[in-house]
Amino acid sequence: MKFHDAFKTAFKGLLHAKVRSLLTMLGIVIGITSVILLVSIGSSAQKLILDQVQGVGSNLIFVIPGATKGSKFSSPASVQGVIIKTLVKQDVESFKREPSIARAAPEVRGQAKVVFENNDTTVTFEGTTEDFFQIRNFALKKGSFFTDTDVDSYAHVAVIGEKLATTLFGGKDPVGKTVRLRNITFKIVGLLDKKGLGPFGVDQDNLIIIPVTVAQKQLLGMDYYSVVNVEAADAYTIDFAKSRVISILRQNHRITDPDKDDFTVNTQEDALSLLGNITTIMTIFLGAIASISLIVGGIGIMNIMLVSVVERTKEIGLRKALGATNRDILIQFLFESIMLTFVGGVVGILFGALLVSLVYVILVKIVATTWFFALPFSAVVSAVLVSSVTGIVFGLYPARQAARKNPIDALRYE
Amino acid sequence: MISLDKLWKTYEEGEVKTDALRGVSCKIKKGEFVSIMGPSGSGKSTLLHILSFLDRPTGGQYTFSGRKMSDLSDIELARIRNKEMGFVFQAFNLLGTSTVYENIELPLLYSDMDISKRQSVIEKAVAAVGLSEKINTTAGRLSGGQKQRVAIARALVNDPDIIFADEPTGNLDSHSGVQVMEILEVLNNNGKTIILVTHETYTAEFGRRLIRLKDGEIEVDEPIRERHQHAGLLK
């Protein structure tokens with residue numbers, strides 16, 4: 001049988017049962033639509049997360065207390081809730097003396113209620129030093145950052161994010177005003193420019209940033225740091241700076257066996273590659289969930305094709321009597337299911353693209369959040385391939401059943 | 001053209017064995033018009049199925065145009081059915097939602113004929129059964145007699161040497177039945193070999209040789225001398 005005839009025959013076969021063909025196709029349309037939609041959401045989220053990490057700063061190295069044991073997907077002990085007190089002021093001072101390091105800023109964090117007159121709200125406060133603002137690319141809208149002198153003198157000064165300013169002061173200028181944080185009075189010296197979501201969804205506009213010394217001694221009662229942000233000097237590679245950070249920490253903490261490190265040092269690239277891996281897994285996972293509906297759609301096709309084969313037993317017998325070989329019959333029915341899934345796949349891609357656009361419009365224009373339009377070409381190509389393969393896989397069994405029919409029994413079938 | 005040598009066909013269902021054909025031997029020459037008759041269960045349909053390569057015998061030898069069936073693969077049998085044999089069935093077996101043209105085209109889909117030549121061949125076949133004006137009509141909308149004429153056109157389209165007709169008038173009124181038989185008669189006059197299975201005497205008498213089967217054996221094999229005895233009355 002010629003390709004042209006096989007195509008025409010299969011097409012007519014489907015056309016003769018239009019409603020059934022459309023309903024059967026619907027399963028594949030839904031499957032492919034959900035694959036496209038979820039993979040697209042995964043890709044958008046991935047781009048969003050990676051962009052946020054990249055937006056934190058450049059040439060960044062993060063020093064976190066506690067060792068990371070096991071695979072690269074493990075997190076340091078401190079992140080898992082274990083209190084580790086080994087990262088201290090002396091370490092930061094050593095970093096600052098190192099030529100390959102441009103800046104180093106420690107960080108401690110806590111949650112507290114911040115009060116201005118009758119307004120109050122619970123926010124994250126960050127205790128840090130002057131370098132922090134440069135390292136993390138913060139810009140000022142008004143006023144000034146606090147200085148290392150403020151840090152050393154335990155000055156009760158604060159820099160606040162734009163969103164927090166709006167919550168507490170409405171439209172008024174916050175600079176020069178005083179707020180209370182755990183009953184300690186802070187004078188606001190600077191208002192930050194809008195920065196948006198930080199890594200891991202931290203809202204960088206809803207922060208209050210205070211000198212690390214005040215945060216440690218007067219708010220949290222601790223003398224260690226939870227993170228040190230290090231910026232490598234441009235003249236050195238980030239990997240060299242990272243190795244220097246490790247050497248300094250081992251020396252300061254008197255560690256001779258690298259297996260006994262009590263800290264974790266990650267560069268921004270490490271974080272990006274880790275997050276890239278995690279989000280890729282997430283995208284694949286979403287795609288896999290959506291594929292379940294594709295399998296259900298495929299089984300639907302198999303089901304309908306089996307019914308169709310039984311219904312058309314007499315036609316199969318006739319075709320065989322007139323000279324069709326088993327192969328001709330197999331190809332005819334296989335073409336029908338491939339055509340169903342291929343067309344279903346294309347329609348599914350169109351629907352998927354439509355929904356992806358809709359999600360984008362809703363999130364960006366209506367909800368006004370940051371979102372990316374992502375319709376990965378690879379997802380489109382694989383959707384077409386997967387749907388056609390679904391046609392072959394789920395069409396093969398019914399087509400074989402059709403091809404194996406004995407022509408006499410088939411002709412006699414009523 | 002056809003040579004049967006002690007042909008057996010035994011059906012097995014579980015432990016029950018039924019002999020549908022019990023050593024049938026005969027020869028049919030090119031250009032003959034053979035009517036096969038016999039009561040139900042006599043084996044006439046089984047014989048037709050084997051003769052038309054739709055089924056294989058369980059014993060004996062069947063030679064068609066010099067080729068032994070036992071030497072031919074299923075694919076070769078399909079090729080011969082397509083190129084050298086034409087089929088007319090009692091139930092017409094047309095694709096009801098396809099047009100007359102598409103129904104007649106069916107055997108050509110499985111042949112190696114060039115697509116550009118198809119139209120003229122189909123038009124010739126449909127003209128031979130007098131249905132040229134119905135060529136684009138959906139087969140389901142035709143009368144019984146017209147359906148059977150389309151089926152004959154389909155059997156002719158590959159220009160086969162032999163036409164097998166299985167009760168071709170069984171579903172027709174007598175007038176349409178006669179029309180169909182007359183077409184077969186003309187085809188035979190033009191050199192086609194016709195093998196007809198029927199249980200109606202008047203239909204059988206269009207043939208020139210009668211083979212009567214009983215219990216899977218040939219009971220009578222004789223020329224038909226008095227033709228059209230009943231058919232003439234019906235005209």
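Modeller: Before we start, one term: a salt bridge here is a side-chain nitrogen of Lys or Arg within 4 Å of a carboxyl oxygen of Asp or Glu. Keep in mind too that this is a predicted model.

Colleague: Okay, then how many salt bridges does the structure hold over all chains?

Modeller: Side chains of opposite charge can pair when their charged atoms come close. Count such pairs over all chains by the 4 Å rule, and the total is 27 salt bridges.

Colleague: Let's look at where the chains meet. How many residues of chain A are in contact with chain B?

Modeller: Take the two sides in turn. Chain B puts 27 residues into the contact, and on the chain A side the number is 24.

Colleague: And what area is buried between chain B and chain A?

Modeller: Carbon and sulfur atoms give 60% of that area. On the chain B side, L54(B), L109(B) and Y110(B) supply 28% of what chain B buries against chain A, more than any other three residues. The area between the two chains comes to about 2,200 Å².

Colleague: Which residue of chain B meets K12(A) in a salt bridge?

Modeller: The count of salt bridges between chain B and chain A is three. In the K12(A) pair, the N to O distance is 2.9 Å, which is within the 4 Å cut-off. The partner of K12(A) is E102(B).

Colleague: Which elements give two or more residues to the side of chain B that touches chain A?

Modeller: That side has 13 nonpolar, six polar and eight charged residues. Across the interface, eight residue pairs are in polar contact. The elements you're after belong to chain B, and they are α2 (74-84), α3 (100-109) and α4 (115-128).

Colleague: Now inside chain A. Why are K47(A) and D51(A) separated by about one helical turn?

Modeller: Their side chains meet in a salt bridge at 3.9 Å, N to O. K47(A) counts as partly exposed because its relative accessibility is 41%, and D51(A), at 32%, is partly exposed as well. Both sit in helix α2 (residues 18-55) of chain A, and they are about one turn apart because their spacing in that helix is four residues.

Colleague: Which helix of chain A holds K89(A) and E93(A)?

Modeller: This pair also forms a salt bridge, with 3.9 Å from N to O. K89(A) is partly exposed at 46%, and E93(A) is partly exposed at 37%. The two are four residues apart, so about one helical turn separates them, and their helix is α3 (residues 89-97).

Colleague: What about E107(A): is it buried or exposed?

Modeller: E107(A) is found in strand β2 (residues 101-116) of chain A. Beyond its sequence neighbours it touches several residues, among them F132(A), R136(A) and Y225(A). Its relative accessibility is 1%, and the cut-off is under 20%, so E107(A) counts as buried.

Colleague: Which residue does E107(A) meet in a salt bridge?

Modeller: The N to O distance in this salt bridge is 3.0 Å, and a polar contact of 3.0 Å joins the two side chains as well. The partner is partly exposed, at 45% relative accessible area. Its name is R109(A).

Colleague: Which residues are joined into one network by salt bridges that share partners?

Modeller: Look at both chains for this one. The network has members from chain A and chain B, and they are D5(A), K8(A), E105(B) and R118(B).

Colleague: Is S43(A) buried or exposed?

Modeller: S43(A) lies in helix α2 of chain A. Leaving aside its neighbours within four places in sequence, S43(A) is in contact with T283(A), A374(A) and P376(A). Its relative accessible area is 17%, and the limit is under 20%, so S43(A) is buried.

Colleague: Why is helix α10 of chain A described as largely enclosed by the rest of the structure?

Modeller: The helix covers residues 313-321. Its buried residues include I316(A), L318(A) and A321(A). Just after the helix, G323(A) takes a positive phi of about 120°. Helix α10 is largely enclosed because its buried residues number eight of the nine.

Colleague: Last one: how far apart are the end C-alpha atoms of residues 288-407 of chain A?

Modeller: An unreviewed UniProt entry lists this span as "domain: ABC3 transporter permease C-terminal". The span is 85% helix and 0% strand, and the distance between its end C-alpha atoms is 42 Å.

Notes
Residues are numbered from 1 along each chain as its sequence is written. Chains are lettered from A and ligands numbered from 1 in the order in which they are written. This is a predicted model: local features need pLDDT of at least 70, side-chain atom pairs count only at pLDDT 80 or more; totals for chains, interfaces and linings use all residues. Side-chain values use heavy atoms; hydrogens and water are left out. Contact means heavy atoms within 4.5 Å. Buried area is the accessible area (1.4 Å probe) that two parts lose on being put together, summed over both. A polar contact is a pair of N or O atoms within 3.5 Å; within protein, one must be able to donate a hydrogen and the other to accept it, and residues adjacent in sequence count only if both atoms are side-chain atoms. Ala, Val, Leu, Ile, Met, Phe, Trp, Tyr, Cys and Pro count as nonpolar, Asp, Glu, Lys and Arg as charged, and the others, Gly among them, as polar. Buried means under 20% relative accessible area, exposed over 50%, partly exposed in between (1.4 Å probe, protein chains only). UniProt positions are given in the numbering used here, feature names are shortened, and annotations may be inferred rather than shown by experiment.
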